Amino acid sequence: MSDKKKVLGINFGRANVNCKKLLTAAMEAAKQAGAETEIIDTIKMDIRHCIGCGACSRMLQSGKGQIQCIQKDDYEALSDAVLVADAIIVAAPVYVLAPTGQFKNFVDRFGPAHDKAYMLFENELRKDTGGEELNPDCLKRHLVSYISVGGATTPHWVSYGLPGMNLFGMSLNMKVVDQLDAYGSYVPDNQKVLLEKSRHIGERIVEALDKKTSEITWESEPGICPVCHCKEMTLNGTSTVCCPVCGIYGTLKMEGDQVKVEFSEEEKNRSRLKFTGVLEHQVEQGRKDRYPRFDEYVEKFRAMQDEM
């Protein structure tokens, strides 16, 4: 890489067990590939649940000051570390089908406060009205990869692991580079395979930092959804199904005993993991009337995303 980039590893599991082992393998590979690296163990951090007060949104709309949570705990330190990083590798254990509660506590507070489209609109409004511009780390591109770790030897006992982890970078519109469903992590032979896959995740995220978002290819298991690459689909009694992560609709097809889902390019482009998806959310939230130059902003933002 031309400039040394920062890759942050976040461990939502215990300090020296399987989450940490797999994350450490990924981070060591990232460091060897030329990145500046840091691992944060959250196990002893005090990250309380969101109380739904709305203070972060009001602060964003105030036209002055930066986004902060009013609760005084360790959340802000982790939030700041995420924003400063260029790429993040997240490892979280699955205890009851989905990522652990500490992970969800952070996501519930970080996501609504850092909606990428919302921040871009408010930052332009601040420029127009002479307000304080937002921290540029909130508006830059972030890459992310996920490692979901479970002790169960069958994947149906960790089925919400990766879908749940995709909530981490959704609001900030992070580009997902890779994800690993690391079930059976206590099986010695399997652990060797998982460590090697984790190292590949570390190498890949560093390689991706030198590419435009549109140039980053998917090399992990493809899944069913062509955007988030998760396997889950929501059925509604017809051949139309929905990806619960991306919120996009496809058509169920049978080819012999093989089930496939076809998604149009229009649907793929409105995924919640893409900028057009978070932009769509601003309209459905009724915020369009707040911005007199809404259409002008949209064109500017789209041009920005194309260059990232």
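Me: How much space lies in the largest pocket?
Reply: Happy to start there, with the reminder that this is a predicted model. The space in the largest pocket comes to about 790 Å³.

Me: Which residues lining the largest pocket are the closest to its centre?
Reply: The lining of this pocket is made up of 28 residues. Elements that give two or more residues to it are β6, α8 (265-269), α9 (275-284) and α10 (294-307). The residues closest to the centre are K175, T213, L273, K274 and F275.

Me: Which residues have the most contacts inside the largest nonpolar core, and which helix gives the most to this core?
Reply: That core has 49 residues, and those with the most contacts inside it are V82, I88, V90, F106, F121 and F168. As for helices, the one that gives the most, with six residues, spans 116-129 and is α5.

Me: How many residues are in the second, separate core?
Reply: Members of this second core include A26, I89, A182 and I205. It is separate from the largest one, and its residue count is 24.

Me: With which residues is F121 in contact, leaving aside its neighbours within four places in sequence?
Reply: F121 is among the residues with the most contacts inside the largest core. Its partners, once those sequence neighbours are set aside, are L279, Q282, Y291, F294, Y297, V298 and F301.

Me: How many disulfides are there, and why is C53 in no bond with C69?
Reply: A disulfide here needs two cysteine sulfur atoms within 2.5 Å. The sulfur of C53 has its closest cysteine sulfur in C69, and because that one is 6.2 Å away, it is too far for a bond. C50 is in no disulfide either, with the nearest cysteine sulfur, that of C53, 6.6 Å away. The count of disulfides is zero.

Me: Are C50 and C53 buried, partly exposed or exposed?
Reply: Partly exposed covers the range between 20% and 50% relative accessible area. C50 has 37% relative accessibility, and C53 has a relative accessible area of 32%. C50 therefore counts as partly exposed, and C53 is also partly exposed.

Me: How far does helix α7 reach from its first C-alpha to its last?
Reply: Helix α7 runs over residues 188-209, which is 22 residues. At 1.5 Å a residue, the expected value is 32 Å. The helix is close to that expectation, with a reach of 32 Å.

Me: Which elements do the buried residues of α7 pack against?
Reply: The buried residues of α7 are Q191, L194, S198, I201, G202, R204, I205, V206, A208 and L209. They pack against β1 (6-11), α1 (18-32), β3 (87-96), β5 (143-149) and β6 (175-182).

Me: How many residues of helix α3 are buried, and what do they pack against?
Reply: Helix α3 (residues 75-84) is mostly covered, with seven of its 10 residues buried. These are Y75, E76, L78, S79, A81, V82 and L83. They pack against β1, β2 (36-41), β3 and α4 (101-113).

Me: Why does S148 count as buried, and which residues is S148 in contact with?
Reply: S148 sits in strand β5. It counts as buried because its relative accessible area is 1%, and buried means under 20%. Beyond neighbours within four places in sequence, its contacts are A92, V94, G161, L162, M165, L180, D181, A182 and Y183.

Me: How many Å apart in space are V94 and P155, C-alpha to C-alpha?
Reply: V94 lies in strand β3 and is buried at 9% relative accessibility. Apart from neighbours within four places in sequence, V94 has contacts that include S148, W157 and G161. V94 and P155 are 61 residues apart in sequence, and their C-alpha separation in space is 11 Å.

Me: Where does Q61 lie, and which residues does Q61 touch?
Reply: Q61 belongs to helix α2 (residues 55-61) and is partly exposed at 33% relative accessibility. Its C-alpha is 9.1 Å from that of M119, although the two are 58 residues apart in sequence. Not counting residues up to four places away, Q61 touches Y118, E122 and R290.

Me: What is phi of N173, and what is phi of H229?
Reply: N173 lies in the loop between α6 (161-165) and β6, while H229 is in the loop between α7 and β7 (234-235). N173 is buried at 11% relative accessible area, and H229 is buried at 13%. Phi is positive in each, near 60 degrees for N173 and near 65 degrees for H229.

Key. Residues numbered from 1 in each chain as written. Predicted model: local features only at pLDDT ≥ 70, side-chain atom pairs only at ≥ 80, totals over all residues. Heavy atoms only, no water. Core = buried A, V, L, I, M, F, W, Y, C linked by side-chain atoms within 4.5 Å. Buried < 20%, exposed > 50% of the residue type's maximum accessible area, 1.4 Å probe, protein only. Helix = DSSP H or I, 4+ residues; strand = E, 2+ residues; numbered from the N terminus. Contact = heavy atoms within 4.5 Å. Expected span 1.5 Å × (residues − 1). 1 Å grid on protein atoms, 1.4 Å probe; cavity = no way out; pocket = protein on both sides within 12 Å on 5 of 7 lines; lining within 4 Å. Points joined across faces, edges and corners; volume = space filled by probe spheres on them.
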